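Colleague: I am new to this model and should be grateful for a close look at one part of it. Please begin with a strand and proceed outward from there.

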Protein chains: 2
Amino acid sequence: MDNKPILFTSLSPALLHLYDLNNSIVVIIDVLRATSTIATALHNGAKSVIPVDSVRRCIELGKQIEGITAGERDGKIAEGLKHGNSPLEYSREFIEGKTLVLTTTNGTRLLQMALDRGAQEIVTGSFTNLSVICDHLMIMKQNVILACAAWKDRINMEDSLFAGAVINEVGRYFNINCDSSHIAASMYEKAKNDLFGFMKKNDASHYHRLMGFGLENDLRYCLTPDLANVLPQYDNGKLIIR
Amino acid sequence: MDNKPILFTSLSPALLHLYDLNNSIVVIIDVLRATSTIATALHNGAKSVIPVDSVRRCIELGKQIEGITAGERDGKIAEGLKHGNSPLEYSREFIEGKTLVLTTTNGTRLLQMALDRGAQEIVTGSFTNLSVICDHLMIMKQNVILACAAWKDRINMEDSLFAGAVINEVGRYFNINCDSSHIAASMYEKAKNDLFGFMKKNDASHYHRLMGFGLENDLRYCLTPDLANVLPQYDNGKLIIR
């Protein structure tokens, strides 16, 4: 046995209980679009992003702290909120110095699960901050769980691809006895030269969903590495850059 | 909408609850080695294969019906049983006309789950009976769930590859709005010319496990299409060929 830390990939929140989070860094992955939006808002100067699980809670908290409320349901800005889930809404001009209160379903729920299960550290990952996530994992030398938010517990392609991208970059620094990781890495290897084309060719469900809403620009943005290369870390209810 | 039936892939028993089994054919997939052994025993003339979930139950039932008891724990024939999990043990000379009582953990549990959840029809699939499974699904024109047995709920490579092989063959006859299916099919596409080499190169956990037990021949057999091309169907506690 060498001394490498261990890396696992949980392709759905319904599989998270299989892994020991206690001494691990958990990377929450919700590429389309929560974790891409979180990285973008923080990259563009947001003070923090507060993830909440319901529209009601988003409205309440938004009032209380004078934050920007954001969230969508079925592809539209949810009633009572001011902004949507698109990372392209969160330019520096708009978000700098403000707090974003963001309601998402899959990502927020997964983050709460990781907290409840005692994760040592929680960060959020997406292609927009791929390099900084990889650098962080290499530097920390801790066990890692790549935790895909999926879609109502159904495995999705883009979160799996991002897990694969991370493994492709840092896998050699970890012991990986985890077929989910190898499956993700093998798929990423095949997809990496054209992630958008791969999602289209392989009929990814979110490709169709977002294209159906006219959101090709969102899709292309969220599949491009390092456009918002910051490390969102969870700290006491908020995602911040330390 | 066209009239194609629907196909989903459940990559782990922990995801099976996400899919509606009521009007579906469920293909139980436990490539290494339960469903390969089941196909082989039936192909070589076994009267039926009775899957049971414990060694104790296997011994009891074996006595009761004068069946061949088989099962392994940690790579060895389980105490009190007569035979192992290797498909290569079940030659025609040995198994013809007999009943095989087989205890496996992951596969048997999944089969029971499919029953409990009201599957319309249950068959078992493996590379050894790939073509007959594909033919059956094409002919039946019913909804299909490809249900991977995985390993203690952890997704594994070989069951996912088999799901991909089926989709590669019959996918065009189904509506597939299921990223797990597309992930499996994409991986199979990459692996298909050398499944053994792919399992080795991508560090599949069962590749290492079985090679560690000296079972390369088992591995190669279980990854070869159509060596035992029969359709095991579940009927009242038994797997039989109709």
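Which residue is the bridge partner of B:Phe8 in β8(B)?

Modeller: The bridge partner of B:Phe8 is B:Ile145, which belongs to β8(B). This is a predicted model, and the pairing should be read as a feature of that prediction. The two strands concerned are β1(B) and β8(B), the latter made of residues 143–148, and they pair in the parallel sense over four bridges.

B:Phe8 may next be placed within its own strand. Strand β1 of chain B covers residues 7–10; B:Phe8 and B:Ser10 point one way from the strand, while B:Leu7 and B:Thr9 point the other way. This follows a general rule: in a regular strand the side chains alternate between the two faces of the sheet. Here the alternation does not separate buried from exposed positions, for B:Leu7, B:Phe8, B:Thr9 and B:Ser10 are all buried.

Another parallel pair in chain B joins β2(B) and β7(B), over five bridges. Within this pair, B:Val27 has B:Val123 of β7(B) as its bridge partner. Strand β7 of chain B, residues 121–125, is mostly covered, with four of its five residues buried.

From β2 of chain B the chain leads to a loop that ends at α1 (34–43), and B:Arg33 lies in this loop. The peptide bond from B:Leu32 to B:Arg33 is cis, with omega near 5°. In chain A the bond from A:Leu32 to A:Arg33 is likewise cis, with omega near 5°, and A:Arg33 is placed in the loop between β2 (24–29) and α1 (34–43) of that chain. Such bonds deserve notice, since most peptide bonds are trans and most residues other than glycine have a negative phi.

Two residues of chain A depart from the usual sign of phi. A:Glu66, in the loop between α2 (55–65) and β4 (68–73) of chain A, has a phi near 55°, a positive value in a residue other than glycine. A:Ala150, in the loop between β8 (143–148) and α6 (157–170) of chain A, has a positive phi of about 60° and is not a glycine either. Their surroundings are unlike: A:Glu66 is exposed, because 9 other C-beta atoms lie within 10 Å, whereas A:Ala150 counts as buried, because it has 27 C-beta neighbours inside 10 Å.

A helix of chain B can be considered next. In α9 of chain B, residues 205–212, the buried residues include B:His206, B:Tyr207 and B:Leu210. These three lie on the same side of α9(B), because they cover an arc of only 105° around the axis. The buried residues of α9(B) pack against three helices of chain B, namely α6 (157–170), α8 (195–201) and α10 (216–222). Just after α9(B), B:Gly214 takes a positive phi of about 75°.

Finally, the two chains meet in a contact that takes 24 residues from chain A and 24 residues from chain B. On the side of chain A that touches chain B, α6 and α7 (179–191) each supply at least two residues. The most is given by α7(A), with seven residues. By character, the residues on this side of chain A divide into ten nonpolar, nine polar and five charged.

Notes:
Residues are numbered from 1 along each chain as its sequence is written. Chains are lettered from A and ligands numbered from 1 in the order in which they are written. This is a predicted model: local features need pLDDT of at least 70, side-chain atom pairs count only at pLDDT 80 or more; totals for chains, interfaces and linings use all residues. A residue is buried if 20 or more other C-beta atoms lie within 10 Å of its own, exposed if 12 or fewer, and partly exposed in between; C-beta atoms are placed from the backbone. Two residues are in contact if their C-beta atoms, placed from the backbone, lie within 7 Å. Ala, Val, Leu, Ile, Met, Phe, Trp, Tyr, Cys and Pro count as nonpolar, Asp, Glu, Lys and Arg as charged, and the others, Gly among them, as polar. Two strands pair if DSSP finds at least two bridges between them. The arc is that of the directions from the helix axis to the C-beta atoms.
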